[in-house]
Amino acid sequence: MNLSNAKSYAKVVENGTQAVQEVENLRQSGYDHDRIFVIAHDSDKTSRIAEASDANNVGIKEEGVFDAIANLFRSRGDELRAKIESLGFTEAEAGFYEKQLDLGKVLVIAKKD
């Protein structure tokens, strides 16, 4: 599924290989490195895919200090939804994407200016 709103583009892919390809496609279409993010349910998987694709993890810069600290005390699902919302998606959209991540899929997001 692809979704594009005023702030961000998102695509759910089946695995890390497809995520790396989607990151490359986004770069070729003009997105800057600093604006491309990958998210998987497992934080280690997220880090591996981000490293392999030269994309980013959602961090304090995107979330803000308050949410980053709050994530230390949230369930993984709540943390993922907060990260997705911090990139410009609604609560409902974040809930949909988090359910996809629960199924083992990977979310690739390109944040617009």
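# A guided tour of the chain

Buried residues make up 45% of the 113 residues in this chain. Before you start clicking, keep in mind that this is a predicted model.

**Stop 1: the whole chain**

Show the chain as a cartoon and colour it by secondary structure. You should find six helices and four strands. Follow the chain from the N terminus, and the elements run β-β-α-β-α-α-α-α-α-β. Now think about which parts of the sequence touch. Take the contacts between residues at least 6 apart in sequence: 61% of them join residues at least 24 apart.

**Stop 2: Ser8**

Select Ser8, which belongs to strand β2, residues 8-13. Is Ser8 buried or exposed? Ser8 has a relative accessible area of 0%, so it counts as buried. Show its side chain as sticks and look for a partner: the side chain reaches the backbone oxygen of Leu87 at 2.4 Å.

**Stop 3: Glu22**

Next, select Glu22 in helix α1. Its relative accessible area is 7%, which means that Glu22 is buried. Which residue shares a side-chain polar contact with Glu22? Add Tyr9 to your selection: the two side chains are joined by a polar contact of 2.9 Å. To see more of the surroundings, add Lys11 and Val108 as well. Together with Tyr9, these are the residues in contact with Glu22 once its neighbours within four places in sequence are left aside.

**Stop 4: helix α1 against helix α2**

Stay with α1 and widen the view. Two packed helices are described by the angle between their axes and the distance between the axes. Select helix α1 (residues 16-28) and helix α2 (residues 43-53); their axes come within 9 Å and cross at roughly 40°. That angle falls in the oblique range, so α1 is oblique to α2. The crossing of α1 with α2 is right-handed.

Which residues make this contact? On the α1 side, show Gly16, Ala19, Val20, Val23 and Arg27; on the α2 side, show Ile49, Ala52 and Ser53. Colour them by class, and you will have five nonpolar, two polar and one charged residues.

**Stop 5: Asp54**

Now select Asp54, in the loop between α2 and α3, where α3 covers residues 60-63. Its relative accessibility is 45%, so Asp54 counts as partly exposed. There is also something to see in the backbone. Most residues other than glycine have a negative phi. Asp54 is not a glycine, yet its phi is positive, near 60°.

**Stop 6: along helix α5**

Move on to helix α5, residues 76-86. Colour its buried residues: Gly77, Glu79, Leu80, Ala82, Lys83, Ile84 and Ser86.

Two of these deserve a separate click. Start with Gly77 in α5, which is buried because its relative accessible area of 12% is under 20%. Draw a line from its C-alpha to that of His41. These two residues are 36 apart in sequence, and the line should read 8.0 Å.

Then go to Lys83, also found in α5. How much relative accessible area does Lys83 have? The value is 12%, so Lys83 is buried. Try a second C-alpha line here, from Lys83 to Val58. The pair is 25 residues apart in sequence and 6.4 Å apart in space.

Finally, step past the end of the helix. α5 is followed by Gly88, with a positive phi near 105°.

**Stop 7: helix α5 against helix α6**

For the last stop, keep α5 on screen and add helix α6, residues 91-102. At what angle do α5 and α6 pack? The angle is about 130°, and the axes are 9 Å apart. α5 and α6 are therefore oblique to each other, and their crossing is right-handed.

Show the residues that meet here. From α5, select Gly77, Leu80, Arg81, Ile84 and Glu85; from α6, select Glu91, Ala94, Gly95, Tyr97, Glu98 and Leu101. You have already visited Gly77, a residue of α5. Sorted by class, the contact has five nonpolar, two polar and four charged residues.

Definitions and conventions:
Residues are numbered from 1 along each chain as its sequence is written. This is a predicted model: local features need pLDDT of at least 70, side-chain atom pairs count only at pLDDT 80 or more; totals for chains, interfaces and linings use all residues. Side-chain values use heavy atoms; hydrogens and water are left out. Helices (H or I, at least four residues) and strands (E, at least two) are DSSP runs, numbered from the N terminus. Buried means under 20% relative accessible area, exposed over 50%, partly exposed in between (1.4 Å probe, protein chains only). A polar contact is a pair of N or O atoms within 3.5 Å; within protein, one must be able to donate a hydrogen and the other to accept it, and residues adjacent in sequence count only if both atoms are side-chain atoms. Axes are lines fitted to C-alpha atoms, for helices over the stretch in contact, and angles run from 0 to 180 degrees between N-to-C directions. Angles under 35 degrees count as roughly parallel, over 145 as roughly antiparallel, 65 to 115 as roughly perpendicular and the rest as oblique. A crossing is left-handed if the near helix is turned anticlockwise from the far one by less than a right angle, and right-handed if clockwise. Contact means heavy atoms within 4.5 Å. Ala, Val, Leu, Ile, Met, Phe, Trp, Tyr, Cys and Pro count as nonpolar, Asp, Glu, Lys and Arg as charged, and the others, Gly among them, as polar.
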